[in-house]
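Reader: I would like a close look at a single part of this model. Please keep it brisk.

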Amino acid sequence: LEVVLPSDYRNFLKIHDGCRDSQLLIAFSLYPADMITSKTKEVRKDHEDSHRNFSEGGWDSQKLVIGDSHFGWNLAIDCESGNLFVYVQNNYALPLADSFLAYLVGLMDNLHDGKYQLIEGEIFM
């Protein structure tokens, strides 16, 4: 895909290669490294075929799809800025965090502060 992964996300993949096994990391499953390329290519092709643009976050060659949800949302990282985005129903992007590390710290803080809900055995924030 000709991108350089942000260091915090690259380090995460070295330690824990995704989070699949039917478990969600607070609403998202995170792809292992060997799935990121194929999933990103699928989403890129879908966007090219439909000529869709996003109101925020855009889609370009620096974005990688790194996870998904039961709702059909994609979690993407911008390799240039390190920002995380949620692509809701693949129609528009919502900024999620300034970096992968900030995303994880935010999850930890929300869990610590009790800012979550259990829905059908899954944790949502």
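Author: Here is a walk through one helix, then a hairpin.

This is a predicted model, so local features need pLDDT of at least 70, side-chain atom pairs count only at pLDDT 80 or more, and totals for chains, interfaces and linings use all residues. Residues are numbered from 1 along each chain as its sequence is written, and side-chain values use heavy atoms, with hydrogens and water left out.

Start with helix α3, residues 100-112. Helices (H or I, at least four residues) and strands (E, at least two) are DSSP runs, numbered from the N terminus. α3 has 13 residues and reaches 18 Å from first C-alpha to last, close to the 18 Å expected. That expected span is 1.5 Å times one less than the number of residues.

Phe100, Tyr103 and Leu107 are the buried residues of α3. Buried means under 20% relative accessible area, exposed over 50%, partly exposed in between (1.4 Å probe, protein chains only). Down the axis of α3, its buried residues fall within an arc of 55 degrees, so they line one face of the helix. The arc is that of the directions from the helix axis to the C-beta atoms. Met108 and His112 are exposed, on the face turned away from the buried side. Gly114 follows α3, with a positive phi near 75 degrees.

Now the hairpin. β3 and β4 form it, with five residues between them. Gly82 in the turn has a positive phi of about 90 degrees. Four bridges join β3 (residues 74-78) to β4, and the strands run antiparallel. Two strands pair if DSSP finds at least two bridges between them. Ala76 stands opposite Phe85 in β4.

Both faces of β4 are covered. Leu84, Val86 and Val88 are buried on one side, Phe85 and Tyr87 on the other.
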